[in-house]
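Biologist: I'm happier with a pipette than with a structure viewer. Could you show me how to read a model, one feature at a time?

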Amino acid sequence: MLWLLFKTFFITGLVSFGGGYAIIPVIEAEVVKYGWMSTQKFTDIIAIAGMSPGPIATNTAIFVGYQMAGIAGAAVSALAMVMPSLLLVLLVALFFYKLNHNRIVQSAFYGLRSVVLGLIVFAAIKFALPTGLMNTISLHTFSLLAIFAFSLFSLIKRNAHPAYVIVMAGLVGMAFYS
Amino acid sequence: MTKRWVLLFEIFLTFFKIAPITFGGGYAMIPVIEREAVEKKEWLKQEEVTDLFALAGSIPGAIAINSATFIGYRIAGVAGALAATIGVMIPTFVIVVCLSIFYLYFQDHPKVEAAFEGIRPAVVALIVFAAYKMRKGAVVDKTTFVVAASSVLLLLFLHVHPAIMIALGAATGILLIGLKDKFGVETKIDDQEQNVDYFMGADI
């Protein structure tokens with residue numbers, strides 16, 4: 001189990017350009033492949049990872065690791081996630097200080113940025129499905145859509161803090177769904 | 001303790017202190033790191049730090065952790081890089097583990113279940129917001145729009161593995177710019193410095 005976690009998150013760490021929501025589908029694909037947890041439970045974990053300080057992808061990895069193999073699993077996942085970055089940063093610092101001015105590197109990022117955006121859009125669709133946001137028309141679906149719309153509005157127009165949005169949505173959920 | 005160990009400990013402590021206050025990860029941390037490393041400790045110059053952030057964003061992994069590693073390296077070599085990385089990781093790690101224990105313990109409680117019912121659509125909103133913030137940096141012309149749209153379709157309908165999609169993205173970029181150069185089409189790709197905010201603005 002520990003080796004499997006290490007392998008999974010090492011590869012994830014290696015491809016995690018941006019390190020944020022774009023990497024969530026990468027982790028989700030692995031988690032579902034091994035049958036570690038359902039997409040819905042994974043969404044809960046992302047919510048908690050998003051509320052915690054620190055990068056969301058690393059937090060998610062620590063969380064999955066803990067759920068699968070306790071403290072040791074969490075430690076191995078964190079290590080596996082950071083190790084590729086650490087090695088690459090050292091490599092770049094030592095040899096390729098002008099990396100960002102290399103035309104090949106710039107071209108790669110020209111394609112990468114659009115794909116990363118595509119991944120984030122994909123993540124949004126993927127998580128909207130099991131949430132029930134796209135279910136048949138009912139009062140319940142409507143209330144979920146209202147939470148979604150109001151959260152998005154607060155983030156874009158009111159500059160609300162992500163952790164604040166999650167906490168508020170949780171309180172609304174507690175009030176209406178129990 | 002030698003002077004070197006004091007310096008390493010100081011690097012460790014600086015990043016250890018920064019980590020817990022950076023809710024939301026990535027970009028929240030940049031101004032805090034700047035203030036600590038440039039103004040308070042005077043380890044680096046402002047221009048150096050700006051370059052480092054741009055570079056840290058180009059390397060896989062969270063920009064906050066990568067920046068810490070970079071700055072640690074600039075101050076005290078490989079040992080400094082390790083001190084900074086460990087320092088920035090420990091508080092996050094402890095907090096996330098505590099929350100995991102809490103979640104495992106309370107996940108089946110009806111009130112907690114109800115809370116998560118409300119939180120899930122908010123998470124979708126957070127992800128949409130991440131895409132919204134990133135759109136200017138990513139979609140710079142028609143080509144990038146097509147690449148972004150086709151990647152969504154490939155992921156949704158052909159179930160291409162996301163990790164493979166990322167590799168394909170880099171290859172596509174190199175190929176497209178190569179072709180455009182060959183046919184003499186000018187493409188603005190050197191826009192990294194201006195939009196550090198949007199650059200790979202995935203983690204908010």
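Biologist: Let's begin with the basics. Which pattern does chain B follow, read along the sequence?

Modeller: Before anything else, keep in mind that this is a predicted model. Walk along chain B and you get α-α-α-α-α-α-α: seven helices and zero strands. Chain A reads as α-α-α-α-α-α-α too, with seven helices and zero strands.

Biologist: How much of each chain is buried?

Modeller: For burial, you look at relative accessible area, and under 20% counts as buried. In chain A, 60% of the 178 residues are buried. In chain B, buried residues make up 53% of 204.

Biologist: Can I read burial for a single helix as well? Take helix α2 of chain A, residues 24-33: how many of its ten residues are buried?

Modeller: Seven of the ten, so α2(A) is largely enclosed by the rest of the structure. The buried ones are A:Ile24, A:Pro25, A:Val26, A:Ile27, A:Glu28, A:Glu30 and A:Val31. Notice that two glutamates, A:Glu28 and A:Glu30, are in that list. Just past the end of α2(A), A:Gly35 takes a positive phi of about 65°.

Biologist: Speaking of positive phi, which residues have one although they are not glycine?

Modeller: Two cases to look at. A:Asn159 has a phi of about 55°, and B:His159 has one of about 50°. Then check where each sits. A:Asn159 is in the loop between α6 and α7 of chain A, while B:His159 is in the loop between α6 (142-157) and α7 (162-182) of chain B. Next comes accessibility: A:Asn159 counts as exposed because its value is 67%, and B:His159 counts as exposed because its value is 62%.

Biologist: Now the annotation. Where does UniProt place the "transmembrane region" feature in chain B?

Modeller: The UniProt record, an unreviewed entry, puts it at residues 7-33, 53-73, 80-106, 112-132 and 163-179 of chain B. A handy check is to compare such a span with the secondary structure in the model. Residues 80-106 of chain B are 100% helix, and their end C-alpha atoms lie 40 Å apart. Residues 163-179 of chain B are also 100% helix, with 25 Å between the end C-alpha atoms.

Biologist: How do I read the way two helices pack, say α1 and α4 of chain A?

Modeller: Ask for the distance between the axes, then the angle, then the handedness. Helix α1 (residues 2-15) and helix α4 (residues 56-95) of chain A have axes that come within 7 Å and cross at roughly 40°. Angles under 35 degrees would count as roughly parallel, so α1(A) and α4(A) are oblique to each other. Their crossing is right-handed.

Biologist: And between the chains, at what angle do α7(A) and α5(B) pack?

Modeller: About 140°, with the axes of α7(A) and α5(B), residues 110-138 of chain B, 7 Å apart. That makes α7(A) oblique to α5(B), and this crossing is right-handed as well.

Biologist: On to side chains. How many aromatic pairs does the structure hold?

Modeller: Eleven over all chains. One of them joins A:Phe150 and A:Phe153, a tilted pair at 6.3 Å centre to centre with 35° between the planes.

Biologist: Why are those two rings placed to meet, as far as the helix goes?

Modeller: The general idea is that an α-helix has 3.6 residues a turn, so residues three or four places apart point the same way. Here, A:Phe150 and A:Phe153 are three residues apart in helix α6 (residues 139-156) of chain A, about one helical turn. A:Phe150 counts as exposed, at 57% relative accessibility, and A:Phe153 as partly exposed, at 38%.

Modeller: Then try B:Tyr105 and B:Phe106, an edge-to-face pair at 5.2 Å centre to centre with 80° between the planes. B:Tyr105 is exposed at 69% relative accessibility, whereas B:Phe106 is partly exposed at 31%.

Biologist: Which residues make up the aromatic cluster in chain A?

Modeller: A:Trp3, A:Phe6 and A:Phe10 form one cluster.

Biologist: Last one: which charged residue lies over the face of B:Tyr132?

Modeller: That's B:Arg135, at 4.2 Å from the ring centre.

Note on methods. Residues are numbered from 1 along each chain as its sequence is written. Chains are lettered from A and ligands numbered from 1 in the order in which they are written. This is a predicted model: local features need pLDDT of at least 70, side-chain atom pairs count only at pLDDT 80 or more; totals for chains, interfaces and linings use all residues. Side-chain values use heavy atoms; hydrogens and water are left out. UniProt positions are given in the numbering used here, feature names are shortened, and annotations may be inferred rather than shown by experiment. Helices (H or I, at least four residues) and strands (E, at least two) are DSSP runs, numbered from the N terminus. Rings of Phe, Tyr and Trp (its six-membered ring) pair if their centres lie within 6.5 Å; planes under 30 degrees apart count as stacked, over 60 as edge-to-face and the rest as tilted. Buried means under 20% relative accessible area, exposed over 50%, partly exposed in between (1.4 Å probe, protein chains only). A charge sits over a ring if NZ of Lys or CZ of Arg is within 6 Å of the ring centre and within 35 degrees of the ring normal. Axes are lines fitted to C-alpha atoms, for helices over the stretch in contact, and angles run from 0 to 180 degrees between N-to-C directions. Angles under 35 degrees count as roughly parallel, over 145 as roughly antiparallel, 65 to 115 as roughly perpendicular and the rest as oblique. A crossing is left-handed if the near helix is turned anticlockwise from the far one by less than a right angle, and right-handed if clockwise.
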